[in-house]
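The exercises below ask the reader to work through one structure, moving from single residues to helices and cores. Each task is followed by a solution that proceeds step by step.

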Amino acid sequence: MNDTPAKPAAKKTTAKKAATKTAATKTTAPKKATAAKKTATAKRAPAAKKAATSRTAATKGAAPAQKAAAPARKPESRVAMVRRARRINRELAELYPYAHPELDFTNPFELLVATVLSAQTTDLRVNQTTPRLFAACPTPEDMAAIPPEQLEELIRPTGFFRAKAKSLIGLSAALRDRFDGEVPGRLEDLVTLPGVGRKTANVVLGNAFGVPGITVDTHFGRLARRFGWTTAQDAEKVEADVAEIFPKSDWTMLSHRVVFHGRRVCHSRKPACGACPIAPLCPSYGEGETDPEKAQKLLKYELGGQPGQRLKPPADYPGRPAAPLAAS
Ligand code: SF4
């Protein structure tokens with residue numbers, strides 16, 4: 001197995017740390033229950049009712065939010081929602097102090113290419129594909145000149161490889177011809193590149209240029225709706241709604257934290273509500289598994305004791321790096 005040879009002892013310690021952190025956050029829950037009572041919205045009532053009727057959960061002493069079976073309350077005010085939203089952001093910052101983009105890259109061009117490749121596939125699969133790609137085409141000039149069939153072969157594992165190869169050759173040629181071979185640092189320029197939409201542009205701006213941006217991918221949109229920050233389905237509308245809640249300086253890290261939580265805890269089909277440290281602040285508590293033991297088993301990546309998505313994660317990442325493609 002080609003998993004990056006981390007020291008076993010260190011692995012255990014970090015995994016333990018992450019688990020302890022989750023547990024520690026859970027122990028602060030009673031304090032949060034007060035906040036939850038204040039912030040619970042009308043939507044909360046069915047969740048609380050569900051929790052109250054769940055014998056298993058009750059007997060196992062599930063999250064305090066379950067016990068806070070409150071009668072239906074009047075809709076949450078805008079001010080209360082904003083306060084709760086910012087508190088969620090602070091709690092997520094404590095839970096994921098190491099939140100980061102989950103694509104491996106060493107410069108803006110690599111990030112741009114990796115983000116284009118990430119459409120319709122996982123960041124893990126992109127990270128397993130890009131080492132060979134960047135070795136063959138380290139610059140826009142190289143990528144613009146590579147025969148399409150050769151590029152298609154290099155990026156085949158990411159799926160939709162013909163369309164993606166066309167975008168990559170097109171955007172590389174545009175960078176070479178219109179931007180002196182450099183990735184531009186302005187949204188209005190980035191979105192003129194083939195295959196680059198607003199989401200990709202925001203990822204590049206936020207993580208390669210330090211320009212604040214909200215990245216609305218499938219995880220961010222889902223959680224923003226579950227948190228009651230927006231009701232919109234359209235990504236641009238979600239971005240606009242969330243931008244009104246948080247100061248600009250929070251946008252990039254907020255995006256990483258929310259996406260981290262979506263990938264690890266608040267999954268699309270089975271959110272792990274019973275193991276979710278921000279359950280007392282979430283009006284959608286109860287949409288997923290509320291039994292703490294069952295919910296614990298749904299946690300992913302470093303919280304579930306599994307490898308992460310990056311082959312080269314940042315130094316403060318407490319989990320294990322992902323394995324290269326050949327070893328997976
Ligand atoms: S896991 Fe459940 S409680 Fe936690 S954020 Fe998602 S829906 Fe809310």
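For what follows, a residue is called buried if 20 or more other C-beta atoms lie within 10 Å of its own, with C-beta atoms placed from the backbone. The structure is a predicted model.

**Exercise 1. Decide whether Cys 266 and Cys 273 are buried or exposed, and describe their surroundings.**

Step 1. Begin with location: Cys 266 lies in the loop between α16 and α17 (292-296), and Cys 273 is likewise placed in the loop between α16 and α17.

Step 2. Apply the cut-off of 20. Cys 266 has 26 other C-beta atoms within 10 Å and is therefore buried; Cys 273 has 30 and is therefore buried.

Step 3. List the contacts, leaving aside neighbours within four places in sequence. For Cys 266 they are Leu 223, Arg 226, His 261, Pro 271 and Cys 276, whereas Cys 273, with residues up to four places away again not counted, touches Ala 279, Tyr 285, Gly 286, Glu 287, Gly 288, Glu 289, Thr 290 and Ala 295.

**Exercise 2. Which residues does UniProt list for "binding site", and which residues come nearest to the ligand?**

Step 1. The UniProt record, an unreviewed entry, lists Cys 266, Cys 273, Cys 276 and Cys 282 under "binding site". These cysteines span 17 residues in sequence, yet no two of their C-alpha atoms are more than 10.8 Å apart, so they gather at one spot.

Step 2. Turn to the ligand in the model, which has 14 residues around it, those that come nearest being Cys 266, Pro 271, Cys 273, Cys 276 and Cys 282.

Step 3. Sort the shell around the ligand by class: 10 of its residues are nonpolar, 2 are polar and 2 are charged.

**Exercise 3. Identify the residues with the most contacts inside the largest nonpolar core, and the elements that contribute to this core.**

Step 1. The largest nonpolar core has 35 residues, and those with the most contacts inside it are Ala 224, Val 265, Ala 272, Cys 276 and Ile 278.

Step 2. Two or more residues of this core come from each of α6 (78-95), α14 (218-226), α15 (235-243) and α16 (251-264), and the largest share, 4 residues, is given by α16.

Step 3. Take Val 265 as an example: not counting residues up to four places away in sequence, Val 265 touches Pro 271, Ala 272, Ala 275, Cys 276, Leu 299 and Leu 303. Another core, of 30 residues, lies apart from the largest one and has Val 113, Val 116, Val 126 and Leu 133 among its members.

**Exercise 4. Determine which residues of α15 and of α13 are buried, and what these residues pack against.**

Step 1. In α15, the buried residues are Val 238, Glu 239 and Val 242. They cover an arc of only 100° around the axis, which puts them on the same side of α15, and the element they pack against is α14.

Step 2. In helix α13 (residues 198-208), 9 of the 11 residues are buried, so this helix is largely enclosed by the rest of the structure. Among these are Lys 199, Asn 202, Val 203, Val 204 and Leu 205.

Step 3. The buried residues of α13 pack against α7 (108-117), α12 (187-190), α15 and α16. Just after α13, Gly 210 takes a positive phi of about 70°.

How values were computed. Residues numbered from 1 in each chain as written. Predicted model: local features only at pLDDT ≥ 70, side-chain atom pairs only at ≥ 80, totals over all residues. Near = placed C-beta within 6 Å. Nonpolar A, V, L, I, M, F, W, Y, C, P; charged D, E, K, R; others polar. Core = buried A, V, L, I, M, F, W, Y, C linked by C-beta atoms within 7 Å. Buried ≥ 20, exposed ≤ 12 C-beta atoms within 10 Å, placed from the backbone. Contact = placed C-beta atoms within 7 Å. Arc of directions from axis to C-beta. UniProt positions renumbered as here; feature names shortened; annotations may be inferred.
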